[in-house]
Amino acid sequence: MTVATEHHAPERLRAAGLRVTVQRVAVIETLAARPHASAESVFSSLRDRLSGVALPTVHGILGDLTGAGIVRRVSLPDAASALYEVQDEFDNHHHLQCVECGRVEDVACAVGEAPCLHPSHDHGMRIIEASVTYRAICSDCERKK
Ligand SMILES: [Zn+2]
Ligand SMILES: [Zn+2]
Ligand SMILES: [Zn+2]
């Protein structure tokens, strides 16, 4: 779960064999503080802290961190762009998303371990995980109706 735990950004970068840079650490810290953020929103929160950071740089860093398993890229059906969050080890949570305002919340795995769901026929493929999104309407949006 992406709760407010200490994410030890430099240690995680070193463990993944990535060079520790101010920008990479800042991206991890930004996502740890505000999970499920798009590259654009990571960029806009970094712009104030780091001078000279550009959106393509942020995309590049997110790509490196995703490849290294430090960050998880989440594609949700009702999100305009891919969202990112810091990935903890053995993390297998799912997402609850409001189809009206796009609010995203983490929910624990329905079963407790991947792949969570098993198809009736796997076509000979080994299932790694079931990517589950609960599409929902949040109470704020419900009230506005
Ligand atoms: Zn909503
Ligand atoms: Zn999440
Ligand atoms: Zn699950």
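A residue is called buried when its relative accessible area is under 20%, exposed when it is over 50% and partly exposed in between, with a 1.4 Å probe and protein chains only. By this yardstick, buried residues make up 38% of the 145 residues in the protein. The model is a predicted one, in which local features need pLDDT of at least 70 and side-chain atom pairs count only at pLDDT 80 or more, while totals for chains, interfaces and linings use all residues. Residues are numbered from 1 along each chain as its sequence is written, chains are lettered from A and ligands numbered from 1 in the order in which they are written, and side-chain values use heavy atoms, with hydrogens and water left out.

The fold comes first. Five helices and six strands are found in the protein, taken as DSSP runs (H or I, at least four residues, for helices; E, at least two, for strands) and numbered from the N terminus. Their order along the sequence is α-α-β-α-α-β-β-β-β-β-α. The C-alpha trace spans about 50 × 45 × 25 Å along its principal axes. Of the contacts (heavy atoms within 4.5 Å) with a separation of 6 or more, 47% are between residues 24 or more positions apart. About 8,800 Å² of the protein is exposed, and carbon and sulfur atoms supply 51% of this area, as computed by the Shrake-Rupley method with a 1.4 Å probe.

Three zinc ions can now be taken in turn, with donors defined as N, O and S atoms within 2.8 Å of the metal (3.2 Å for Na, K and Ca); water is not among the atoms, so sites may look incomplete. The zinc ion (ligand 1) is held by the SG atoms of C98, C101, C138 and C141, which lie 2.3 Å from it. This site is tetrahedral, its four donor atoms making angles of 103 to 115 degrees; the label requires all angles among four donors to lie between 85 and 135 degrees. The donor spacing in sequence reads C-x2-C-x36-C-x2-C. Because C101 sits in the loop between β4 and β5 (104-107) and C138 in the loop between β6 (133-136) and α5 (139-144), the pair ties together parts 37 residues apart in sequence. C101 is partly exposed, at a relative accessible area of 46%, whereas C138 is buried at 9%.

The zinc ion (ligand 2) has protein donors H36 (NE2), E85 (OE), H93 (NE2), H95 (NE2) and D106 (OD), at 2.0 to 2.2 Å. These residues follow the spacing H-x48-E-x7-H-x1-H-x10-D. Distant parts of the chain are linked here by H36, in the loop between α2 (22-33) and β1 (37-38), and H93, in the loop between β3 (83-86) and β4 (94-98), 57 residues apart. H36 is buried with a relative accessible area of 13%, and H93 is buried with 2%.

For the zinc ion (ligand 3), the protein donors are H94 (NE2), C109 (SG) and C116 (SG), at 2.0 to 2.3 Å, spaced H-x14-C-x6-C in sequence. Both cysteines, C109 and C116, are buried. H94 belongs to strand β4 and is likewise buried, at 2% relative accessibility. Leaving aside residues up to four places away in sequence, the contacts of H94 include D106, C109, C116 and Y134. D106 is itself a donor of the zinc ion (ligand 2).

How values were computed: Four donors count as tetrahedral if all angles lie between 85 and 135 degrees; four count as square planar and six as octahedral if opposite donors are over 155 degrees apart and all others between 65 and 115; anything else is irregular.
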